[in-house]
Amino acid sequence: MADVPANPSSSSNPAAAAPAAPVAPPPDPLIAALTALGAEALPLTQDLLPVFRVERDAWPSVARALRRDPQLSFEMLIDVAGVDFPKRRPRFEVVYHLWSLTWNKVIRVKVGVPEEDPQVASVIDLWPTADWHEREAFDMVGVKFAGHPDLRRILMPDDYPWHPLRKDFPVEGIDNSISYVKAGGVLMTRELDVDRPAGQDRTPVDRSHGDPAGYSDGTPTLPEEGRS
Amino acid sequence: MSPESAPVLPPPAAGAASAASAASGAPRFAAAVANPKVMRHALTTNEKLFVGPFLKSLLYTFSRMFKKDITRRYPEQKMENKPSLHGVPVLVMKEDGAPRCVACGLCEFVCPPRAIDIQPGETDRPIEREPKSFVIDMLRCIECSYCEEVCPEEAIVMSTDYEVVGRRREDFVWDLKKLLKPIAQLKDRIAWVRRTYRRWDSNADASAPPEGGVYRDPRWAGKSKPVDHH
Amino acid sequence: MSTLTEKIVTVSDLPPRPGGEGGNLHEERMELSMGPQHPATHGVLQCKLILDGEKVVAMDPVVGYLHRGKEKHAEHMTYQQFFTLTDRLDYLQPLANEVGWALTVEKLAGIEVPARAQAIRTIICEFMRLSAHLVWAGIGGVDTGAVSMFMYAFRDREELFDLMDELTGLRTNQEYLRIGGVGADLSPELIEKMKKWVAALPGHVDEFELLLTGNKIFHDRMRGVGQITAQQAIELGVTGPCLRATGVGVDLRRARPYLLYPQLEFDVPVGTRGDAYDRYLVRIEEMRQSARILKQLLDHLPAGEWIAKDWKNVLPPKGRVYTSMEEMIHQFKTVTEWCPPKGEVYQATEAANGELGFYLMSAGASHPYRVKIRSPSFINLQALKPMSVGSYFSDIVAIIASLHFIMGECDR
Ligand code: SF4
Ligand code: SF4
């Protein structure tokens, strides 16, 4: 087999695609630029990454700026995590971690998503890697990503009716030996103590003292339709 | 965690230094470090003909026949037992035949796969509490040694027995009778536990736990009488 | 970009074949399911393929067969217990996953780890990188037809496991790390054994190269196969050796340093073309660099404690627990209700396959509020589609071998 020609961009800097010569290093400009776009800077956490909260409606424009603005140029989307806060409004939060290869800087951006309309704009056109990240967040927490071309479940079976990383989903799981599609959405739950030795109730210690990020009472949610 | 708090190692080379400066926020760090490119050599005529390399690797494989055999023939030839080996956890039986365990439940709490089940009961011995039943499901146990590390009475230790077989699932549910091993058999491991979990305190009194809830703290020596709960 | 994320599921979704759909096998496109039990898919990965003759027209990797709900379990386990689950993420490098989790929790709780413990952690990280790369070399050899590679690579890996056995007590899934340090000290005899193994390794890597690098069959299977550009790799979030093979010298040990890496001397090898052959060469060179790092560390291992002297976060000395009520209470409190402060931490380490990140959210309780594992295998697997579409069917095996993902880590 003949050897293929070298990639034109392979030997050069990955950031070469962004316009050359970034204007200024962005420690504070970063915060200023994002605040101007409507992001709210949150207090630092233990890992000292800059944290921002963005309104759901402003997120598409902020994401575009984060990716395309040469002063920001966050080329890589590292991680998308969906988090459930049963007692908070909005209930869900989608947490993005972005990495600028130009500046070697990581930031965290949080977008709140209400329970009534669990939908947030997809960033797949800016970072194609968001494809599976967003499918996973949809699968686990049930946040839908508007504009995602193929929002299917990825880790759980396609006809699985629940979103397991919601706080009201029991860790033991809910019996799924029947197909919910065939049973017309009727739930069949079973006793969950079959293979657990007796007396091993290890209720975790909760010192959160009424933090809004509290824990739910454990009632299972009603099943939703499996696919979007 | 900061680089300053770390120990003295050979000073970083020029390449590493430029990487460190890049990490501090200098732009375009990906280009700032000179990375060696891996060599992609084209095939030589000899390699294209394939005969030479073929014979070379054949010769290499053939030469292995005369080298020392490193395979361990397992069932006949056992692994050498190191003191750090984690076999299945067992309970320590004192010379008088009683378990050291006081059924405090700490190992039951810490066991990640929840393999341990303890039913505590009372006893007339000075320790007042002992397990009425103590069951470890060896099919669940992952031999992590957390139970050994947390036990405050040195009552559960890892044995050297790593070959657990059975015909039915019940064979793997070990009860007190199967779990209790005479302390004489566990001497090596107990010594290892005392040495290791002494941690930073090389002066810690690493003697066996006292019987009967009697605490003899050297720091309190002479200040008050040892407390006996009886 | 659209070609990367386009949804293609069945033949009918595709545009019509240029020559028209014929009625016989030579002219019509075929759907083929490879896996989830195919030996070349390294675990339980299913690839739904659409073939036009031998050419792959479309592919859809299906993951999730090994999903065990680790992130859910983490919310119901103590921080120390979760180490046992991180072991089973990338089961070829269990200790490296444990290091990632330990660094995350320690950053959250602000625990200072003594120098010797950091050095031991760096050592086991590099040993685990070698362990993963050795398996990759062995299995990759088998996948591309060099069956004896398996024997030679696994010989070294067995010896490595014997070393880990002596250090931790278990050959794999070791459960060796503790919050604040490690589980046991590295003894001088073991350091000597490790030095011997590390000294022999570069010679063994040369042997692997003797068997593979100049081999025409291997060249034909790997060269120009599964090529992606640097731009594509970054867009797809590919990290680790697969990203470096495209020429981007990004390594978290340099970019966002952790442990003792800032003080160590090592190179980050990069490729030029981003094909399977470059990924092979980069990994082979990384093995030599790991040996170099190990040599520096084993020669200059700092003295001191192997676990932090921290009465509030680490279990107290065992001898005192036996004899003193105060330490006994500490022991019980630390085990059952050790609660780090509220907060959030994202901590990434350079695992053998790329950026292994833990995003930990704590509500101040004895167990995490939310743990998100950023698994490199999961993200790198997205590159399988752009790598395979347009290539030959048999190349998929070589592409999978060179990408090297671990389904346990991918599905979590
Ligand atoms: S060794 Fe680990 S898994 Fe086994 S019983 Fe002890 S704590 Fe449980
Ligand atoms: S921790 Fe020790 S004393 Fe407590 S129940 Fe377990 S074996 Fe018995």
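Which residues are around ligand 1? In this predicted model, the residues around ligand 1 come from chain B and are Pro89(B), Cys111(B), Pro113(B), Ile116(B), Cys141(B), Ile142(B), Glu143(B), Cys144(B), Ser145(B), Cys147(B) and Met158(B). By class, this shell divides into 9 nonpolar, 1 polar and 1 charged residues. The charged residue is Glu143(B) and the polar one is Ser145(B), with cysteine counted as nonpolar under the classification used here.

Ligand 2 is also surrounded by residues of chain B, namely Cys101(B), Val102(B), Ala103(B), Cys104(B), Gly105(B), Cys107(B), Ile118(B), Phe134(B), Cys151(B), Pro152(B), Ala155(B) and Ile156(B). The shell of ligand 2 holds 11 nonpolar residues and 1 polar residue, with no charged residues. Its polar member is Gly105(B), because glycine is placed in the polar class.

From the ligands, the description turns to the interface of chain B with chain C. Here 77 residues of chain B are in contact with 90 residues of chain C. The size of an interface is often expressed as the accessible area lost when the parts come together. For chain B and chain C, the area buried between them is about 7,500 Å², and 61% of it lies on carbon and sulfur atoms.

Polar and charged interactions also cross this interface. Between chain B and chain C there are 4 salt bridges. One of the residue pairs joined in this way is Arg178(C) and Glu149(B), whose closest N and O atoms are 2.5 Å apart. In addition, 19 residue pairs across the interface are in polar contact, with both residues at pLDDT 80 or more.

Several helices of chain B contribute to the side that touches chain C. Those giving two or more residues are H1 (14-23), H2 (29-32), H3 (45-49), H4 (51-63), H5 (106-110), H6 (146-150) and H8 (187-196) of chain B. The largest share, 5 residues, comes from H4(B). By class, the residues on this side of chain B are 47 nonpolar, 10 polar and 20 charged.

Chain A can be described through its own fold. Its secondary structure consists of 3 helices and 7 strands, and the order of these elements from the N terminus is α-β-β-α-β-β-β-β-α-β. Of the 228 residues in chain A, 51% are buried. Among contacts in chain A between residues at least 6 apart in sequence, 54% link residues at least 24 apart.

How values were computed:
Residues numbered from 1 in each chain as written. Chains lettered and ligands numbered in written order. Predicted model: local features only at pLDDT ≥ 70, side-chain atom pairs only at ≥ 80, totals over all residues. Heavy atoms only, no water. Near = heavy atom within 4 Å. Contact = heavy atoms within 4.5 Å. Buried area = accessible area lost by both parts, 1.4 Å probe. Salt bridge = Lys/Arg side-chain N within 4 Å of Asp/Glu carboxyl O. Polar contact = N/O pair within 3.5 Å; in protein donor to acceptor, adjacent residues only side chain to side chain. Helix = DSSP H or I, 4+ residues; strand = E, 2+ residues; numbered from the N terminus. Buried < 20%, exposed > 50% of the residue type's maximum accessible area, 1.4 Å probe, protein only.
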